[in-house]
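I opened the notebook to record a few look-ups in one structure. The entries are short and follow the order in which I checked things.

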Amino acid sequence: MPNSDLLPSLLLKLNENQLALEAAIMELSNWVEKRGSDYVADNVSRALEAIDENEEFIKMTIAVMMTPE
């Protein structure tokens with residue numbers, strides 16, 4: 001299998017890891033917020049917005065790359 005065939009699969013796995021990290025960080029943010037640190041929780045939520053904003057583009061690009069020519 002050529003290396004170029006591995007790229008879409010690699011990107012898919014990296015995207016899955018990114019989403020898993022987002023979920024874990026959000027859980028930690030919720031935990032922090034429940035303990036009275038709204039400021040920290042808000043900062044984390046704002047930082048995680050970049051993942052949400054880019055998610056659809058990443059999924060679409062991976063789908064295009066995985067489509068046979």
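The entries below cover two single residues and one surface patch.

Entry one: the kind of model. I noted before anything else that this is a predicted model.

Entry two: Ser 29. I looked up its place and found Ser 29 in helix H1. Is Ser 29 buried or exposed? Its relative accessibility is 3%, and buried means under 20%, so I wrote down Ser 29 as buried. I then asked which residues Ser 29 is in contact with, leaving aside its neighbours within four places in sequence. I listed Ala 41, Val 44 and Ser 45.

Entry three: Ala 24. Ala 24 also lies in helix H1, which covers residues 3-34. I read a relative accessibility of 41% for Ala 24. Partly exposed is the class between under 20% and over 50%, so Ala 24 counts as partly exposed. I also checked Ala 24 against Leu 12: they are 12 residues apart in sequence, and from C-alpha to C-alpha they are 19 Å apart in space.

Entry four: the nonpolar patch. Which residues make the nonpolar surface patch of about 430 Å²? I found Leu 7, Leu 10, Leu 14, Met 65 and Met 66. Helix H1 and helix H2 (38-66) each supply at least two residues of the patch. H1 gives the largest share, with three residues.

Entry five: one patch member. I picked Met 65, which has its place in helix H2. Its relative accessible area is 33%, so I entered Met 65 as partly exposed.

Methods: Residues are numbered from 1 along each chain as its sequence is written. This is a predicted model: local features need pLDDT of at least 70, side-chain atom pairs count only at pLDDT 80 or more; totals for chains, interfaces and linings use all residues. Side-chain values use heavy atoms; hydrogens and water are left out. Helices (H or I, at least four residues) and strands (E, at least two) are DSSP runs, numbered from the N terminus. Buried means under 20% relative accessible area, exposed over 50%, partly exposed in between (1.4 Å probe, protein chains only). Patches are made of residues with over 30% relative accessible area and no salt bridge: like charges are joined within 9 Å, nonpolar side chains (Val, Leu, Ile, Met, Phe, Trp, Tyr) within 5 Å. Accessible areas come from the Shrake-Rupley method with a 1.4 Å probe; for residues, only the protein chains shown count as cover. A salt bridge is a side-chain nitrogen of Lys or Arg within 4 Å of a carboxyl oxygen of Asp or Glu. Contact means heavy atoms within 4.5 Å.
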